[in-house]
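Me: I would like a close look at the aromatic pairs in this structure. Please say where the rings sit, how they are placed, and what lies around them.

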Amino acid sequence: WSLLASYGYTKSFDNGQTAFQGNAVRNNALPATPNDEINTDDGKHEYVRQNVKLSGTWNTPFWDISISPMLRYQQGFPFGRTFAATLSYGSVRFLAEPLGTQRQDAIYITDLRVEKTFRLPNRRDLSGFFDLYNMFNANPAQNLQWSSGTAYNRPLSVVPPRLARIGLKVNF
């Protein structure tokens with residue numbers, strides 16, 4: 001058997017121009033008006049994200065079968081409600097609350113692979129496998145609409161549904 005574990009901790013500082021999951025807070029890298037710095041820390045946004053991944057393989061003592069589960073956790077992306085205003089020089093997007101006031105859904109995904117290996121002559125192996133992705137059919141939103149209005153908090157994308165795959169592979 002084998003076990004692999006990883007943990008990621010990301011602390012980022014951003015100037016608001018980068019599109020957070022497709023939602024850029026402002027269009028310019030530098031503040032164009034004093035309003036661009038509302039709900040920021042000197043014009044910058046600070047946020048933290050964490051990820052965990054556990055995977056392993058267990059070779060059963062019978063029938064030469066391998067079972068490989070994988071569990072992934074991704075902390076939801078931090079966000080703050082925004083609103084758009086039309087000013088004399090165009091439409092501008094402002095933070096109504098600091099970035100990180102709210103957080104998108106956390107994502108937990110479990111995948112599984114079951115593989116049976118057949119030994120062939122000439123040092124070749126034939127393996128049949130069955131993969132099951134998103135085993136428990138989790139469907140959290142991966143991205144939300146941040147803009148105030150009727151579409152606020154509307155999911156823009158969700159985790160894809162359960163998916164199964166069957167295949168053969170030859171090792172030589």
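Reply: The answer starts with the chain as a whole, then takes the aromatic pairs, and ends with the surroundings.

The model is a predicted one. Its protein chain has zero helices and 14 strands, so from the N terminus on every element in the run is a β element, as the order β-β-β-β-β-β-β-β-β-β-β-β-β-β shows. There are 172 residues in the protein chain, and buried residues make up 30% of them. Among the contacts with a separation of 6 or more, 62% are between residues 24 or more positions apart.

A pair of aromatic rings is described by two things, the distance of the centres and the angle of the planes. Searching the whole structure gives three aromatic pairs. In one of them, the ring centres of tyrosine 73 and tyrosine 108 are 5.0 Å apart and the planes stand at 40 degrees, so this pair is tilted. The label follows because stacked requires planes under 30 degrees apart and edge-to-face requires over 60. Tyrosine 73 belongs to strand S5 (residues 65–74) and tyrosine 108 to strand S10 (residues 107–120), so the pair ties together parts 35 residues apart in sequence. Tyrosine 73 is partly exposed, its relative accessible area being 23%. Tyrosine 108 has a relative accessibility of 53% and counts as exposed, because the cut-off for exposed is over 50%.

Another aromatic pair is made by phenylalanine 79 and tryptophan 146; it is stacked, with 5.7 Å from centre to centre and 25 degrees between the planes. This pair also links distant parts of the chain, 67 residues apart. Phenylalanine 79 is in strand S6 (residues 78–79), while tryptophan 146 is in the loop between strand S12 (141–144) and strand S13 (155–158). Both phenylalanine 79 and tryptophan 146 are buried.

Some rings have a charged side chain over them. Arginine 113 lies over the face of phenylalanine 129, 4.2 Å from the ring centre. Lysine 116 has its charged end over the ring of phenylalanine 118, at 4.8 Å from the centre of that ring.

Lysine 116 is also in contact with serine 127, a residue of strand S11 (residues 124–133). Serine 127 has a relative accessible area of 1% and is buried. The side chains of serine 127 and glutamate 115 are joined by a polar contact of 3.4 Å. Leaving aside neighbours within four places in sequence, the contacts of serine 127 are Glu115, Lys116, Thr117, Gly167, Leu168 and Lys169.

Strands S5 and S10, which hold the tilted pair, also take part in a pocket. Each of them, like strand S4 (45–59), supplies at least two residues of the lining of the largest pocket. That pocket has a volume of about 290 Å³. Its lining has 17 residues, and those nearest its centre are Arg72, Gln74, Ile107, Ile109 and Val159.

The structure also has two cavities of 30 Å³ or more. The largest cavity has a volume of about 50 Å³. It is lined by 11 residues, with Gln74, Gly76, Phe77, Asp105 and Ile107 closest to its centre. Gln74 and Ile107 are thus named for the largest pocket and again for the largest cavity.

Conventions: Residues are numbered from 1 along each chain as its sequence is written. This is a predicted model: local features need pLDDT of at least 70, side-chain atom pairs count only at pLDDT 80 or more; totals for chains, interfaces and linings use all residues. Side-chain values use heavy atoms; hydrogens and water are left out. Rings of Phe, Tyr and Trp (its six-membered ring) pair if their centres lie within 6.5 Å; planes under 30 degrees apart count as stacked, over 60 as edge-to-face and the rest as tilted. Helices (H or I, at least four residues) and strands (E, at least two) are DSSP runs, numbered from the N terminus. Buried means under 20% relative accessible area, exposed over 50%, partly exposed in between (1.4 Å probe, protein chains only). A charge sits over a ring if NZ of Lys or CZ of Arg is within 6 Å of the ring centre and within 35 degrees of the ring normal. A polar contact is a pair of N or O atoms within 3.5 Å; within protein, one must be able to donate a hydrogen and the other to accept it, and residues adjacent in sequence count only if both atoms are side-chain atoms. Contact means heavy atoms within 4.5 Å. On a 1 Å grid over the protein atoms alone, a cavity is a set of points where a 1.4 Å probe fits but cannot get out, and a pocket is an open set with protein on both sides within 12 Å along at least five of seven lines; lining residues have an atom within 4 Å of a point. Grid points are joined across faces, edges and corners, and a volume is the space filled by probe spheres set on the points.
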